[in-house]
Amino acid sequence: MKKLLIATGNNDKLLEIKNYFNDFLTKYKISLFSQKDFPGINVIEDGKTIEENALKKAKEFQLYSKIPSLADDTGLFVEALNGEPGVYSARYSGENATYLDNINKLLFNMKGEKNRKAKFITVLIFYDGKNIIKSVGECDGIILEIMSGSLGFGYDPIFFVPEIKKTFSEMTLEEKNSISHRGKALFDMKKKIIKFYENYQ
């Protein structure tokens, strides 16, 4: 049976990845798993970069489960804050921070700042126990002063994409996946791992 383990316990992130990979999973008859299927896995994300974190997660999930694993790490890099929150995006206001906690801290640190430029970067790592495959996606945007929209997760309500004239939270999942950092990384990754699953035993 062909298998793929998404190395995350974040339901929002899992939904985005599953939505993007649906056709791929169906075509190659791949059974999808996540951290919920392996509750014993607990990876400490202590890398200095998002790439280090993604690689660590992919390797540890694969080692534990013996299933080819796909890990993602994403950072929001704000120009006026010298790249913060960056690798600490998910825990910007503390280890147990909520999405709203992180947004409020970012808005507080950006108060009065005219330069609102930011970018999301996602690094995806696929690891099957031997091969490492990497893809990267980026999306430029602007940090709003107030939240807008009710969809998405994380910093989506304050991340405005000028070319679409919407925040991520104002986009449908399909719209977001078509232009987002994670969507771009997933598009590239899907192309790269097709050959693996065509030959998977």
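In this predicted model, a good place to begin is helix α2, where Ile 50, Asn 53, Ala 54, Lys 57, Ala 58, Phe 61, Gln 62 and Ser 65 are buried. These residues lie on the same side of α2, because they cover an arc of only 150° around the axis. The pattern is a familiar one: an α-helix has 3.6 residues a turn, so residues three or four places apart point the same way. As for their partners, the buried residues of α2 pack against the strands β1 (2–6), β3 and β5 (117–127).

The length of α2 can be checked in a simple way. With 16 residues at 1.5 Å a residue, α2 should span 22 Å, and this agrees with its end C-alpha atoms, which are 22 Å apart. Just after the helix, Lys 66 takes a positive phi of about 65°.

From here, attention turns to the open space in the model. Rolling a probe the size of a water molecule over the atoms shows where empty space is left. The largest pocket has a volume of about 850 Å³. It is lined by 32 residues, and those closest to its centre are Asn 10, Lys 13, Glu 45, Asp 73 and Ala 90. Two or more lining residues come from each of α2 (50–65), β3 (69–78), α3 (99–109) and α5 (181–198). Among the elements, β3 gives the most to this lining, with three residues. Sorted by class, the lining of the largest pocket holds twelve polar, eleven nonpolar and nine charged residues.

Helix α2 and strand β3 thus appear in both parts of this account: β3 is one of the strands against which the buried residues of α2 pack, and both elements give residues to the lining of the largest pocket.

Technical notes. Residues numbered from 1 in each chain as written. Predicted model: local features only at pLDDT ≥ 70, side-chain atom pairs only at ≥ 80, totals over all residues. Heavy atoms only, no water. 1 Å grid on protein atoms, 1.4 Å probe; cavity = no way out; pocket = protein on both sides within 12 Å on 5 of 7 lines; lining within 4 Å. Points joined across faces, edges and corners; volume = space filled by probe spheres on them. Helix = DSSP H or I, 4+ residues; strand = E, 2+ residues; numbered from the N terminus. Nonpolar A, V, L, I, M, F, W, Y, C, P; charged D, E, K, R; others polar. Expected span 1.5 Å × (residues − 1). Buried < 20%, exposed > 50% of the residue type's maximum accessible area, 1.4 Å probe, protein only. Arc of directions from axis to C-beta. Contact = heavy atoms within 4.5 Å.
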